Amino acid sequence: VQAELDGIMYPLGLVKTGKTGALTAEQRQALASAEAAMGRLSAVVKAVSLPGK
Amino acid sequence: MSIPSLILLALDESPFLQLGKRALFSAGYETAEAHNREGLARILQQSSPSLLLIGERLDGESGIALSVEQLECFPTLPVLLYAEKDSLTIAKDILQAGLSGYIYPPLRTDDIVAAVKRSLDRARHLGDWVRGEVGRTTASLQRQVNDFDAIFNNIEDGVIILDKQARIILLNQAAGQAFGVAVESAFGKPVAQAILHPDLQSLLGRSVEESLKYHEINFDDGRIFNAHYTRIPNIGSAITLQDISYLKELDHLKNDFVHTVSHDLRSPLTSVMGYAELISRTGPLNEHQSEFMARLQSSIRDITSLVNDLLDLGRIEAGFDTRREIVQLENILGYTLDILGGQISARNLEIRFDQTPNLPPLKANPLRLRQMLDNLLGNAIKYTPLIGGRIHVRLSTEDKQLILQISDNGPGISPADQAHIFEKFFRGENVPDGVPGSGLGLAIVKSIVDSHLGRVWVESALDQGTSFFVVLPSYEPPAS
């Protein structure tokens with residue numbers, strides 16, 4: 001799961017920073033929220049997988 | 001002054017009888033006389049003589065045969081036989097019959113007294129030895145009884161032993177404390193009267209009707225015991241009780257953990273997917289942006305599928321999958337094939353389904369069986385070639401078991417990979433590029449089959465296809 005998450009953070013960052021084209025304020029806001037949700041997911045994945053290591 | 005020994009003379013009227021009486025009287029013995037079988041039995045019963053001196057013949061009967069009869073009742077009685085003459089046959093018969101010895105003419109009074117004295121001394125020594133042995137054995141048994149009592153009353157598991165009428169024979173301290181019953185007062189009482197706990201009554205009732213062996217006993221203070229019922233031949237039955245409160249607590253913790261993790265993982269995934277859709281709806285996206293967002297959504301779908309598989313696996317392995325219903329596997333299989341019909345048609349696969357008539361039912365979780373079939377058939381569909389792809393599904397029954405076989409003519413699995421095929425996250429080396437999968441599908445299949453007390457295995461050869469076999473125990477309704 002973490003590997004998949006790491007894989008999508010890069011294209012998400014490219015879109016968010018406007019390197020692939022301009023975005024509306026709403027689109028930027030939605031992307032920021034998506035990124036935050038992925039951050040939460042990443043934290044849960046780390047917390048869940050650590051005890052097993 | 002010691003009491004004189006009583007010598008029973010079981011002899012026909014004869015000069016020897018008179019000689020014996022006189023000799024023994026002179027030596028300080030008391031004597032009694034018996035002249036037939038009835039008299040002999042009566043005096044032995046009433047007077048408990050110290051020695052029996054019996055003739056070779058008594059009232060026409062064999063003295064040895066009569067002695068053997070009496071030794072059945074009085075095995076420690078010394079018996080001396082008076083024979084008319086010495087012979088090897090007599091000596092052999094006396095040894096075989098277990099008599100003390102024999103005397104024969106010519107006899108003087110001293111000979112008679114000496115023979116009697118020798119037999120009495122030997123019997124006394126034997127008696128002393130037997131008493132000593134009995135004392136030692138009794139002490140040893142008593143020690144064992146004490147040890148058993150100490151173990152029985154100090155083990156933490158409760159034990160109740162019942163006779164065939166379900167009366168309490170033994171009840172240890174742990175069982176008494178668990179049910180709040182005074183151990184001493186419970187002995188001999190019917191268990192249904194002595195211990196009124198409804199869960200125990202239920203175990204006893206159902207163990208007779210349905211061969212139920214395990215049952216949980218729940219107490220008001222939150223303790224939970226696992227009660228195990230065992231029949232004991234020739235005695236009755238035993239109930240052992242084990243406190244499983246801490247295991248139940250662990251179960252709750254595991255359950256909470258799985259639920260929390262499930263929520264914490266799924267919730268952000270749903271959010272990301274929602275926001276990704278929102279981006280395309282709230283403004284235009286160029287080609288690059290659209291491509292990146294499509295990649296994002298595809299990855300989120302993959303992660304969601306992976307998380308769902310992991311959570312399913314976690315639930316099954318943690319033993320939370322307890323739902324059981326009476327189901328017909330052929331119905332679930334038919335439904336699954338209908339659902340997968342689109343994929344089968346899209347890949348132009350030839351599918352064949354055979355089943356033997358009158359298949360028995362299973363006691364199983366229908367959703368998990370559906371998941372198992374989805375994974376096995378999904379694999380067969382994924383790995384079967386687009387041109388000339390064939391899948392053969394077969395359902396049969398044998399020895400109270402249901403056998404499912406799913407075969408394909410795909411690329412096959414190498415022998416090295418077959419050894420790991422049911423491990424989590426394992427993917428075969430010859431999996432064609434672009435075939436999606438997390439490596440959890442077959443691990444889930446194995447967990448489901450294991451949780452249903454079945455077996456699953458694979459038979460395959462490279463370039464010759466693969467067959468998965470699942471054997472599940474069929475449901476046997478309880479005998480009425």
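Me: What share of the 480 residues of chain B counts as buried?
Reply: The share is 41%. A residue is called buried when its relative accessible area is under 20%, exposed when it is over 50%, and partly exposed in between (1.4 Å probe, protein chains only). Please keep in mind that this is a predicted model, in which local features need pLDDT of at least 70 and side-chain atom pairs count only at pLDDT 80 or more, while totals for chains, interfaces and linings use all residues. Residues are numbered from 1 along each chain as its sequence is written, chains are lettered from A and ligands numbered from 1 in the order in which they are written, and side-chain values use heavy atoms, leaving out hydrogens and water.

Me: Why is Ser67(B) called buried?
Reply: Its relative accessibility is 1%, and the limit is under 20%, so Ser67(B) qualifies. This serine sits in helix α3 (residues 63–73) of chain B. Beyond its neighbours within four places in sequence, Ser67(B) is in contact (heavy atoms within 4.5 Å) with Ile54(B), Val79(B) and Leu99(B).

Me: And is Glu33(B) buried, exposed or partly exposed?
Reply: With 28% relative accessible area, Glu33(B) falls between the two limits and is therefore partly exposed. This residue belongs to strand β2 (residues 30–34) of chain B.

Me: Which side chains make polar contacts with the side chain of Glu33(B)?
Reply: One is Lys21(B), at 2.7 Å, and another is His35(B), at 3.1 Å. A polar contact is a pair of N or O atoms within 3.5 Å; within protein, one must be able to donate a hydrogen and the other to accept it, and residues adjacent in sequence count only if both atoms are side-chain atoms. Both distances lie within that limit, so both pairs fit on distance. Along the chain, Lys21(B) is twelve residues from Glu33(B), and their C-alpha atoms are separated by 9.2 Å.

Me: How do you know that the length of helix α14 of chain B agrees with what a helix should span?
Reply: The expected span is 1.5 Å times one less than the number of residues. For the 18 residues of α14 (residues 366–383) of chain B this gives 26 Å, and the end C-alpha atoms are 26 Å apart, so the two agree. Helices here are DSSP runs of H or I with at least four residues, and strands are runs of E with at least two, numbered from the N terminus.

Me: What makes α14(B) a mostly covered helix?
Reply: Of its 18 residues, 14 are buried. At its N-terminal end, Asn365(B) acts as a cap: a side-chain oxygen lies 2.9 Å from the backbone nitrogen of Leu367(B).

Me: How do you know that β8 and β12 of chain B pair?
Reply: Pairing requires at least two bridges found by DSSP. Strand β8 (residues 158–163) and strand β12 (residues 236–243) of chain B share six, so they pair, and in the antiparallel sense. One of these bridges has Asp163(B) facing Gly236(B) in β12(B). The open sheet of five strands has the order β9-β8-β12-β11-β10 in chain B. Its edge strands are β9 (168–171) and β10 (214–218), since each pairs on one side only.

Me: Why is Thr20(A) called buried, although it is found in a loop?
Reply: The loop lies between α1 (2–16) and α2 (25–49) of chain A. Thr20(A) has a relative accessible area of 11%, which is under 20%, so buried is the right word. Its contacts include Leu14(A) and Val15(A), as well as Asn286(B), His288(B), Gln289(B) and Phe292(B).
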